[in-house]
Amino acid sequence: MPRFCTACGAQMPDTANNCPSCGKGAGAAAPAAQSSGGGLADNVAGLLAYITILPAIFFLVVEPYNKNKFIRFHSFQCLFMAAAWFACIIVLMFLGMILSFVSFLGLLVIPLYFLVGFGFFVMIVICLLKAYQGQMWKVPVIGNLAEKQANAV
């Protein structure tokens with residue numbers, strides 16, 4: 001895999017101790033963004049997995065993306081987050097229906113819809129940024145499930 005100098009950006013041979021352009025040591029070299037062979041870099045595919053559930057399903061079905069643990073992790077985490085969001089909305093809906101039998105208490109659930117939606121939106125944005133940075137940031141509880149599924153090839 002090609003390495004690039006972080007000081008000047010020049011490509012370095014794998015066996016080089018110093019950058020041929022600026023002379024910095026090999027410690028200044030960083031690996032290039034990996035690609036799973038499908039045309040997209042892994043970090044871009046991980047980011048795209050969070051844009052609705054359709055890209056996540058696509059990446060889990062189509063080779064070579066479904067063989068890459070990084071992309072599989074982000075795809076599964078997106079799907080599990082969508083399922084958790086759906087479950088929260090259903091629970092809030094039933095809670096609102098039950099509380100509506102007691103006068104105006106059902107209206108108290110409406111702000112919870114916005115809080116839950118905003119919370120999931122913030123988590124999705126964090127996941128997008130972390131995936132683009134090449135990190136496997138785990139959402140509490142959901143991240144562990146996604147990691148287990150990603151490792152079970």
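What follows is a chat about how the labels on this predicted model are justified.

User: I'm new to this one. What elements does the protein chain have, and in which order do they run?

Analyst: The protein chain has five helices and three strands. Going from the N terminus, the order is β-β-β-α-α-α-α-α. Keep in mind that this is a predicted model.

User: Why is Ala146 called buried?

Analyst: Buried means under 20% relative accessible area. Ala146 has a relative accessible area of 0%, so it counts as buried. You'll find Ala146 in helix H5, which covers residues 142-151. Its C-alpha atom is 5.0 Å from that of Gln77, although the two are 69 residues apart along the chain.

User: And what makes Leu145 partly exposed?

Analyst: Leu145 comes out at 42%. Partly exposed is the range between the buried cut-off of 20% and the exposed cut-off of 50%, so Leu145 belongs there. Leu145 also lies in helix H5. The C-alpha atoms of Leu145 and Phe73 are separated by 9.2 Å, with their positions 72 residues apart along the chain.

User: Which label does Val141 get, and why?

Analyst: Val141 is exposed, because its relative accessibility is 62% and the label needs over 50%. Val141 sits in the loop between H4 and H5. There's a backbone detail too: phi of Val141 is positive, at about 70 degrees, although Val141 is not a glycine.

User: Where else is there a positive phi in a residue other than glycine?

Analyst: Thr52 has one, with phi near 60 degrees. Thr52 is in the loop between helix H1 (42-48) and H2.

User: What kind of peptide bond joins Glu63 to Pro64?

Analyst: That peptide bond is cis, with omega near 5 degrees. Pro64 is part of the loop between helix H2 (54-61) and H3.

User: How do you know that Lys138 and Glu147 form a salt bridge?

Analyst: Check the gap. The closest N and O atoms of Lys138 and Glu147 are 2.8 Å apart. The cut-off is within 4 Å, between a side-chain nitrogen of Lys or Arg and a carboxyl oxygen of Asp or Glu, so this pair qualifies. A search of the whole structure finds one salt bridge.

User: Are those two partners buried or exposed, or in between?

Analyst: In between. Lys138 has a relative accessible area of 34%, and Glu147 has 29%. Both values fall between 20% and 50%, so each residue is called partly exposed.

User: Let's turn to helix H4. Why are Cys127 and Ala131 called buried?

Analyst: Cys127 has a relative accessible area of 1%, and Ala131 has 0%. The label asks for under 20%, so both are buried. Cys127 is found in helix H4, and so is Ala131. From C-alpha to C-alpha, Cys127 and Trp137 are 6.7 Å apart, and in sequence they are ten residues apart. Ala131 and Gly46 are 85 residues apart along the chain, yet their C-alpha atoms are separated by 5.3 Å.

User: How much of the protein chain is buried?

Analyst: Buried residues account for 29% of the 153 residues in the protein chain.

User: What makes Val122 fit for a nonpolar surface patch?

Analyst: Val122 is in helix H4 and has a relative accessible area of 32%. Patch residues need over 30%, so Val122 passes that cut-off. Its partners in the patch are Phe118, Phe121, Val125, Ile126 and Leu129, and the patch covers about 520 Å².

User: What volume does the largest pocket have, and which residues line it?

Analyst: The volume is about 170 Å³. Tyr50, Thr52, Ile53, Cys78, Met81, Ala82, Trp85, Gly117, Phe120, Phe121 and Ile124 make up the lining. Two elements each give two or more residues to that lining: helix H3 (69-99) and helix H4 (110-132).

User: What makes the lining split the way it does between nonpolar, polar and charged?

Analyst: It divides into nine nonpolar, two polar and no charged residues. Thr52 and Gly117 are in the lining, and they count as polar because Gly goes with the polar group and Thr is in neither the nonpolar nor the charged list. The charged label is kept for Asp, Glu, Lys and Arg, which explains why no lining residue gets it.

Notes: Residues numbered from 1 in each chain as written. Predicted model: local features only at pLDDT ≥ 70, side-chain atom pairs only at ≥ 80, totals over all residues. Heavy atoms only, no water. 1 Å grid on protein atoms, 1.4 Å probe; cavity = no way out; pocket = protein on both sides within 12 Å on 5 of 7 lines; lining within 4 Å. Points joined across faces, edges and corners; volume = space filled by probe spheres on them. Helix = DSSP H or I, 4+ residues; strand = E, 2+ residues; numbered from the N terminus. Patch = residues over 30% accessible without salt bridge, like charges linked within 9 Å, V, L, I, M, F, W, Y side chains within 5 Å. Areas by Shrake-Rupley, 256 points an atom, 1.4 Å probe, with all protein chains shown as cover. Buried < 20%, exposed > 50% of the residue type's maximum accessible area, 1.4 Å probe, protein only.
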